[in-house]
Structure formats: structure tokens, C-alpha cells
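Hi there,

Here is the structure I promised to send over. Have a look at it first, and then read on for what I found.

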Amino acid sequence: MMQSRSTGVRLVLVAAALCLSAACDAPSSGAGGAEGLSLFLDNCSQCHGAYAQGTDLAPAITEVAMDLSEDDLVDIILNGEGQMEPVDLDVEEAELIALYLADELLEP
Ligand code: HEC
């Protein structure tokens, strides 16, 4: 598959694909939707908590990530940051999680 640098365009495509396949009109599903949530629960919540509220293992994402863009989030997920090890996910999965976090948690 071609690796594109323009993650923004691909995020829109992912969101559009989700609207075709998932319940796009469910108010709570956001752009990352249920899949973003379930990926977050499977891959991030053991350290960051189910609501990204933070645990003894990792800080709350809601607080530290306010200034991060979705691209930054994808980069942190795939490459790690500071004490955080890279998480073994593909780009599409990281984008879904970033969308979920940006939509559900970071914006009021
Ligand atoms: C094994 C534990 C662990 C897992 C799993 C984990 N993280 Fe982290 N994460 C950390 C720790 C520890 C830090 C604090 C890193 C630091 O500041 O040095 C962190 C920091 C972060 C930050 C803040 C980075 C910053 O700029 O301060 C974000 C955003 C983040 N994690 C997102 C995620 C996401 C999304 C996932 C799931 C794909 C995830 N993390 C999975 C341990 C984890």
C-alpha cells in the first residue's frame, strides 16, 4: 500500500468509510466511532484508564493532549513519546484512536 504523508486527507477518508459501515448518526459515536473506542480500550486503557483519566502507569491524556493535533496523536501512538513505548498498531488503527480521542475527549 502507498504510504501517504497527508494524514489529514486519509483521516477524512477513514471517517467517510466509517459513515458507510457504522452507525454514523449515533450521537455518541463521533468521528472515531465505536471502533476508535474499542481500539482505545484494547490498547491504551490499561495504562491511561478507560476514560483516558490517567492511572499510576500513565498521565491523563485529556490533560496532556489538549495541544496535540490528530497527527501528533498518531505519531505518539506509533512511535512512542518519553516514557511511553510505541504501541503495535497499524496507521489506520492509530488514526481511529486519534479521531476518537480528539472528538470524544479533547473537545468539550
Ligand atoms: C504501557 C503503558 C502505556 C500504554 C499501553 C499507552 N501509553 Fe500513552 N503514555 C504512557 C506513559 C508512561 C506516558 C507519559 C510519557 C512521558 O511523558 O514521558 C504516556 C503519554 C501519552 C500521551 C501524552 C504525550 C505527551 O505529549 O505528553 C498520549 C497522547 C498518549 N500517551 C496516548 C496513548 C494512546 C492513544 C495509547 C493507545 C494507542 C497509549 N498512549 C498507550 C504509557 C502508555
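The shell around the ligand is made up of 15 nonpolar, five polar and two charged residues. That shell counts 22 residues, and the closest to the ligand are Cys44, Cys47, Gly82, Gln83 and Met84. Helix H3 (45-48), helix H4 (61-64) and H5 are the elements that each give two or more residues to it. Please keep in mind that this is a predicted model.

As for the overall fold, the chain has six helices and zero strands, so reading from the N terminus you will meet α-α-α-α-α-α. Of its 108 residues, 30% count as buried. Among contacts with a separation of 6 or more, 56% are between residues 24 or more positions apart.

Now for the inside of the protein. In soluble globular proteins, nonpolar side chains tend to be buried together. Here the largest nonpolar core has 18 residues, and Phe40, Leu73, Ile77, Ile97, Ala98, Tyr100 and Leu101 have the most contacts inside it. Helix H2 (33-43), helix H5 (70-79) and helix H6 (91-106) each supply at least two residues of this core. Which helix gives the most to this core? That is H6, with eight residues.

Ala98 is a good residue to click on if you want to see the contacts for yourself: leaving aside residues up to four places away in sequence, Ala98 touches Glu70, Leu73, Val74 and Ile77. H5 thus turns up twice, in the core and in the shell around the ligand.

Happy to talk it through whenever suits you.

Best wishes

How values were computed:
Residues are numbered from 1 along each chain as its sequence is written. This is a predicted model: local features need pLDDT of at least 70, side-chain atom pairs count only at pLDDT 80 or more; totals for chains, interfaces and linings use all residues. A nonpolar core is a set of buried Ala, Val, Leu, Ile, Met, Phe, Trp, Tyr and Cys residues joined through C-beta atoms within 7 Å. A residue is buried if 20 or more other C-beta atoms lie within 10 Å of its own, exposed if 12 or fewer, and partly exposed in between; C-beta atoms are placed from the backbone. Helices (H or I, at least four residues) and strands (E, at least two) are DSSP runs, numbered from the N terminus. Two residues are in contact if their C-beta atoms, placed from the backbone, lie within 7 Å. A residue is near a molecule or strand if its C-beta atom, placed from the backbone, lies within 6 Å of it. Ala, Val, Leu, Ile, Met, Phe, Trp, Tyr, Cys and Pro count as nonpolar, Asp, Glu, Lys and Arg as charged, and the others, Gly among them, as polar.
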